[in-house]
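Thank you all for making the time this morning. I would like to walk through one structure, going from its charged pairs to its interior, and I will begin with a question as soon as it is on the screen.

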Amino acid sequence: MRLTRIKTLPVMISGETQPVGIIRDGLLDMQRRRVTYWSVHLNKARRSVLVSASRSALSENSVRLDLSDAALLKSCDSAEDLDEDTLATGTLPDVLAANGSDADGPPLRGIQRVLSLLERAWRPTIPEKPANAPASWVWGSEVTGKPFFTSEGELGRISDIEINERDAALRQVQVSQGGGVTLHINIEAMRHIPEGNSHFVARSAIRRPTVGNDPVPPSRQTEAGGGRPEA
């Protein structure tokens, strides 16, 4: 399932008939190639928490959390850090309080409210990572839109990320080229992520597909991970 699709789904928990919130983003472990946490904006608390992907189930209609409403709200009380022992064993907490608050704050009036809404609409909406998070953890919104390179140069820009619904493993990145062509690159092909996540690099050269209405022969399809072009 595409990350952009997941971010449109309601977040549900057992015992509730109405969504408890929405997915803001996914925190990706690029080294282990999986989602570690979802950033969930809670309707009741008007702020976000980080929920372990291992406690979530993805479907076409919703993201269902194996947690109680009380557990989610309790995590809003104080922020938690990740220590070295926790990261080494992989026993990550189910819920972490997000660093900082994204609540709407005190009510604003008139022109002040208009300016505030405009500022929030234009600024980047990348959540904060947990304290002590490894460098290999990046938000999905830090990946999409970035250039994707091979040894031959820039191939295009990453437009989306495919995530396995069963175990939240990263499967592919979608790379958009000019002319309406999208390449699907297996995540294993990615070998280099520079500091600052300014761009991403594939392990080997990728042949460019035919652009236009001509069919793309198998010999011209993606070599790095067997991706498929999509017109």
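Is Arg-55 buried, partly exposed or exposed? In this model, which is a predicted one, Arg-55 is partly exposed, with a relative accessible area of 23%. Its side chain meets that of Asp-94 in a salt bridge of 2.4 Å, N to O, and Asp-94, at 32% relative accessibility, also counts as partly exposed. Asp-94 sits in the loop between helix H3 (84-89) and strand S7 (95-97), while Arg-55 sits in the loop between S4 and S5, so the pair ties together parts that are 39 residues apart in sequence. The arrangement also takes in Asp-66, since salt bridges that share partners join Arg-55, Asp-66 and Asp-94 into one network.

The structure holds 6 salt bridges, and I would like to mention two others. Asp-69 pairs with Lys-44, with the closest N and O atoms 2.9 Å apart; here Asp-69 belongs to helix H2 (residues 69-74) and Lys-44 to the loop between S3 and strand S4 (47-52), so parts 25 residues apart in sequence are tied together. Asp-69 counts as buried at 18% relative accessibility, whereas Lys-44 is exposed, with a relative accessible area of 58%.

Asp-160 forms a salt bridge with Arg-2, and the closest N and O atoms are 3.4 Å apart. Because Asp-160 lies in strand S10 and Arg-2 in the segment before helix H1 (3-6), this pair ties together parts that are 158 residues apart in sequence. Asp-160 is buried, at 4% relative accessibility, and Arg-2 is partly exposed, at 36%.

Strand S10 (residues 153-163) also holds Glu-162, and this residue deserves some care. Which side chain of opposite charge is nearest to Glu-162, and how far away is it? The answer is Arg-2, at 4.9 Å, and Glu-162 is buried yet has no salt bridge, because a salt bridge requires the nitrogen and the carboxyl oxygen to lie within 4 Å. What Glu-162 does have is a polar contact of 3.1 Å between its side chain and that of Gln-174. Leaving aside neighbours within four places in sequence, its contacts include Met-1, Arg-2, Ala-169 and Leu-170.

Let me turn to the nonpolar interior. The largest nonpolar core has 42 residues, and those with the most contacts inside it are Trp-38, Leu-72, Phe-148 and Ile-163. A second, separate core of 7 residues includes Leu-27, Leu-50, Leu-96 and Trp-137. Beyond its neighbours within four places in sequence, Trp-38 is in contact with a list of residues, among them Leu-3, Ile-6, Asp-25, Leu-50 and Ile-163.

As for aromatic pairs, the structure holds 1, formed by Tyr-37 and Trp-137, which are tilted with 55 degrees between the planes and 6.2 Å centre to centre. Tyr-37 lies in strand S3 (residues 34-42) and Trp-137 in strand S8 (residues 137-139), so this pair ties together parts that are 100 residues apart in sequence. Tyr-37 is buried at 0% relative accessible area, and Trp-137 is buried at 2%.

I will finish with a residue in strand S14 (residues 200-202), namely Val-201. Val-201 is buried, with a relative accessible area of 8%, and although 51 residues separate Val-201 from Thr-150 in sequence, the two are 5.7 Å apart in space, C-alpha to C-alpha.

Conventions
Residues numbered from 1 in each chain as written. Predicted model: local features only at pLDDT ≥ 70, side-chain atom pairs only at ≥ 80, totals over all residues. Heavy atoms only, no water. Phe/Tyr/Trp six-rings, centres within 6.5 Å; stacked < 30°, edge-to-face > 60°. Helix = DSSP H or I, 4+ residues; strand = E, 2+ residues; numbered from the N terminus. Buried < 20%, exposed > 50% of the residue type's maximum accessible area, 1.4 Å probe, protein only. Core = buried A, V, L, I, M, F, W, Y, C linked by side-chain atoms within 4.5 Å. Contact = heavy atoms within 4.5 Å. Lys, Arg positive; Asp, Glu negative; His and termini not counted. Polar contact = N/O pair within 3.5 Å; in protein donor to acceptor, adjacent residues only side chain to side chain.
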